[in-house]
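Trainee: I should like to request a close look at a single part of this model, the surroundings of one arginine side chain. Please then carry the account onward to the neighbouring topics of aromatic pairs and sheets.

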Amino acid sequence: TNVNEVPTALALSSSAVAENAASGTTVGALSTTDVDAGDTFTYTLVSGTGSTDNASFAISGANLVTAAVFNFETKSSYAVRVRTADAGGLTFDRELTITVTNVNEIPTDIALSASTVAENVAANTVIGTLTTTDVDASNTFTYTLVSGSGDTDNAAFTITGADLTINAIPNFEVKSSYTVRIRTTDQGTLSFEKAFTITVTNVNEVPTALALSVSAVAENAVSGTTVGALSTTDVDAGNTFTYTLVSGTGSTDNASFAISGANLVTAAVFDFETRTSYSARVR
């Protein structure tokens, strides 16, 4: 006569599940080896060696299913203990290892190491280096300037590798900030876009001209008489200036004059009949 015998093995058709799969995803089908032909089996998760992660799974009929959403970057392997019981109540337990497979995920951010540039730097100067935030370790990325919100000044820049460079010499007085839109794409073609503002910092530039409002003075005027007011041409708006008499070409008669604030004043009484012209050099 036939005697019900203990099941001798338990198998899982697949022992891997992709990260981010919804809770309730089937990992694989359970099956039992038993010498008793025609036996039926029920499956349960049971405590014991290898049951560490039982709470993250469930059994539906003869299928092992997830009871959570897994993240490969957080944990890539789980251990469960499954029991098969035949129609006569005899059981066999097995520890199973479930592997979480990595899925390429979308980059989540782009950073630029520097977003300011001094005016007057050479064309093709590197503004900063681009980097990407992505949960997938060891992913590689390519960067491109793309159209969209914030792409106003894309044409003024170029990306070489991961470096953002400016195409022409920036001039703070003409334009003090630029906006560009950049896309990062991983090796699996997933991408993320972000707009950046590039600020041009002001650099003090050399004055380009000096003017005297009046360059004549009447003879016999007392010493200390104002000849005219000095003014400076300079691209840096709001700059302030000091004036001095200095030696050099044209400084022949510096001793006959003085500077008071921004005014050139006489330091002598002049006589037209003796001399009609004087030269001074002003800085």
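Mentor: In this predicted model, the side chain of Arg81 comes to 2.8 Å from the backbone oxygen of Thr49. Arg81 itself belongs to strand S7, which spans residues 77–86. With a relative accessible area of 17%, Arg81 counts as buried, because the limit for that class is under 20%. Setting aside neighbours within four places in sequence, the contacts of Arg81 include a run made up of Thr44, Leu45, Val46, Ser47, Gly48, Thr49, Gly50 and Ser51. Asn54 is also in contact with Arg81, as are Asp93, Arg94 and Glu95. Thr49 therefore appears both in the contact list of Arg81 and as the residue whose backbone oxygen the arginine side chain reaches.

The aromatic residues come next. The structure holds seven aromatic pairs. In one of them, the ring centres of Phe57 and Phe70 are 5.3 Å apart and the planes stand at 45°, so this pair is classed as tilted. Phe57 is placed in strand S5 (residues 57–60), whereas Phe70 is in the loop between strand S6 (63–66) and strand S7 (77–86); the pair therefore ties together parts that are 13 residues apart in sequence. Both partners are shielded from solvent in the sense of accessible area: Phe57 is buried at 5%, and Phe70 is buried at 3%. Ring pairs also bring in Tyr78, so that Phe57, Phe70 and Tyr78 are linked into a cluster. Over the face of Tyr78 lies Lys75, at 4.6 Å from the ring centre.

A second charge over a ring is found at Tyr278, where the charged end of Arg275 sits 4.3 Å from the ring centre. Tyr278 is also one of the residues in contact with Ser256, together with Thr266, Ala267, Ala268 and Phe270, when neighbours within four places in sequence are left aside. Ser256 is located in the loop between strand S18 (226–233) and strand S19 (257–260). Its relative accessible area of 16% makes Ser256 buried.

Turning to the sheets, one is open and has four strands in the order S9-S11-S14-S13, with antiparallel pairing. Its edges are strand S9 (109–112) and strand S13 (157–160), each of which pairs on one side only. From one strand to the next, the twist averages 30°. S9 pairs with strand S11 (residues 126–133) in the antiparallel sense over four bridges, and Ala111 stands opposite Thr131 in S11. The two faces of S9 differ in cover: Ile110 and Leu112 form the covered face, while Asp109 and Ala111 form the uncovered one. At the other edge, S13 and strand S14 (residues 163–166) are joined by four bridges, again in the antiparallel sense. There, Ile159 has Leu164 of S14 as its bridge partner.

Another open sheet of four strands follows the order S10-S16-S15-S12, and its pairing is mixed. Strand S10 (116–118) and strand S12 (141–145) stand at its edges with a single partner strand each, so one side of each is left without a neighbour in the sheet. On average, neighbouring strands of this sheet are turned by 30° against each other, direction ignored. S10 and S16 pair in the parallel sense over three bridges, and the bridge partner of Thr116 in S16 is Thr199.

Thr199 offers a residue-level view of this pairing. Thr199 lies in strand S16 (residues 191–201) and, at 33% relative accessibility, counts as partly exposed. Beyond residues up to four places away in sequence, Thr199 touches Ser115, Thr116 and Val117, as well as Ser176 and Ser177. Thr116 is thus both a contact of Thr199 and its bridge partner. Val117 and Thr199 are 82 residues apart in sequence, yet their C-alpha atoms are 6.3 Å apart in space.

Notes: Residues are numbered from 1 along each chain as its sequence is written. This is a predicted model: local features need pLDDT of at least 70, side-chain atom pairs count only at pLDDT 80 or more; totals for chains, interfaces and linings use all residues. Side-chain values use heavy atoms; hydrogens and water are left out. Rings of Phe, Tyr and Trp (its six-membered ring) pair if their centres lie within 6.5 Å; planes under 30 degrees apart count as stacked, over 60 as edge-to-face and the rest as tilted. Buried means under 20% relative accessible area, exposed over 50%, partly exposed in between (1.4 Å probe, protein chains only). A charge sits over a ring if NZ of Lys or CZ of Arg is within 6 Å of the ring centre and within 35 degrees of the ring normal. Two strands pair if DSSP finds at least two bridges between them. Axes are lines fitted to C-alpha atoms, for helices over the stretch in contact, and angles run from 0 to 180 degrees between N-to-C directions. Contact means heavy atoms within 4.5 Å. A polar contact is a pair of N or O atoms within 3.5 Å; within protein, one must be able to donate a hydrogen and the other to accept it, and residues adjacent in sequence count only if both atoms are side-chain atoms.
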